[in-house]
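Dear colleague,

Please find below the sequence and the structure for your records. My notes on the sheet and the core follow.

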Amino acid sequence: MNEKTAQLAPPTHHFTVILSPTPRGARLARLLTVAQLGSWDMPPRVTESAQHVVAELAANAATHGRLRGRDFLLALLTTEGDRALRIEVTDTRGDSLPDLAPLPPATDDESGRGLVLVEALSDRWGVVPGPVPRKTVWAELDLVPE
């Protein structure tokens, strides 16, 4: 008897790590992202954009999403069919959601550019509230041109 085996989709890459909500944890998130995407042979343009997006989201988790004694989660994964890289940063301040339409800061402001950069570097981004007390800010970078 000769049966055909169903073709399985290529495996989806997935990486998660729990980090401390500190500047050191945010820096480690960026460094781990570069190393992980290198091991997945991601194109340099994706790795460069992803490291900046992770740096901003992790810095926000360490600054605005920080609660004493609670860490943040970084997840990197490719979507079905490896069409996009999805970056997720989950923190424990679900009561503090980011503005989904960030305005550029004034030229003399010393902060406030993070989500503007995330919006510029990613193809899509957003926030998923919950489960209480968490929220996840995510961004996607297309891997195949559309």
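Which residue of strand 2 does Leu 19 stand opposite? In this predicted model, the partner of Leu 19 in strand 2 is Phe 72. The two strands concerned, strand 1 and strand 2, run antiparallel and are joined by six bridges.

That pair belongs to an open sheet of five strands, arranged in the order 1-2-3-5-4 with antiparallel pairing. Strand 1 and strand 4 each have a single partner strand, so each of these edge strands has one side without a neighbour in the sheet. On average, neighbouring strands are turned by 15° against each other, direction ignored.

Helix 2 lies across strand 2, strand 3 and strand 5, and runs at about 10° to strand 3.

As to the interior, the largest nonpolar core comprises 29 residues, and Leu 57, Leu 74, Leu 85 and Ile 87 have the most contacts inside it. Elements that contribute two or more residues include helix 1 (23-39), helix 2 (44-63) and helix 3 (114-121), together with strand 1 (14-19), strand 2 (72-78), strand 3 (84-91), strand 4 (124-129) and strand 5 (135-142). Helix 2 gives the most, with seven residues.

Ile 87 may serve as an example. Leaving aside neighbours within four places in sequence, Ile 87 is in contact with Ala 50, Val 53, Val 54 and Leu 57, with Leu 74, Ala 75 and Leu 76, and with Val 137, Trp 138, Ala 139 and Leu 141.

With kind regards

Note on methods
Residues are numbered from 1 along each chain as its sequence is written. This is a predicted model: local features need pLDDT of at least 70, side-chain atom pairs count only at pLDDT 80 or more; totals for chains, interfaces and linings use all residues. Side-chain values use heavy atoms; hydrogens and water are left out. A nonpolar core is a set of buried Ala, Val, Leu, Ile, Met, Phe, Trp, Tyr and Cys residues joined through side-chain atoms within 4.5 Å. Buried means under 20% relative accessible area, exposed over 50%, partly exposed in between (1.4 Å probe, protein chains only). Helices (H or I, at least four residues) and strands (E, at least two) are DSSP runs, numbered from the N terminus. Contact means heavy atoms within 4.5 Å. Two strands pair if DSSP finds at least two bridges between them. Axes are lines fitted to C-alpha atoms, for helices over the stretch in contact, and angles run from 0 to 180 degrees between N-to-C directions.
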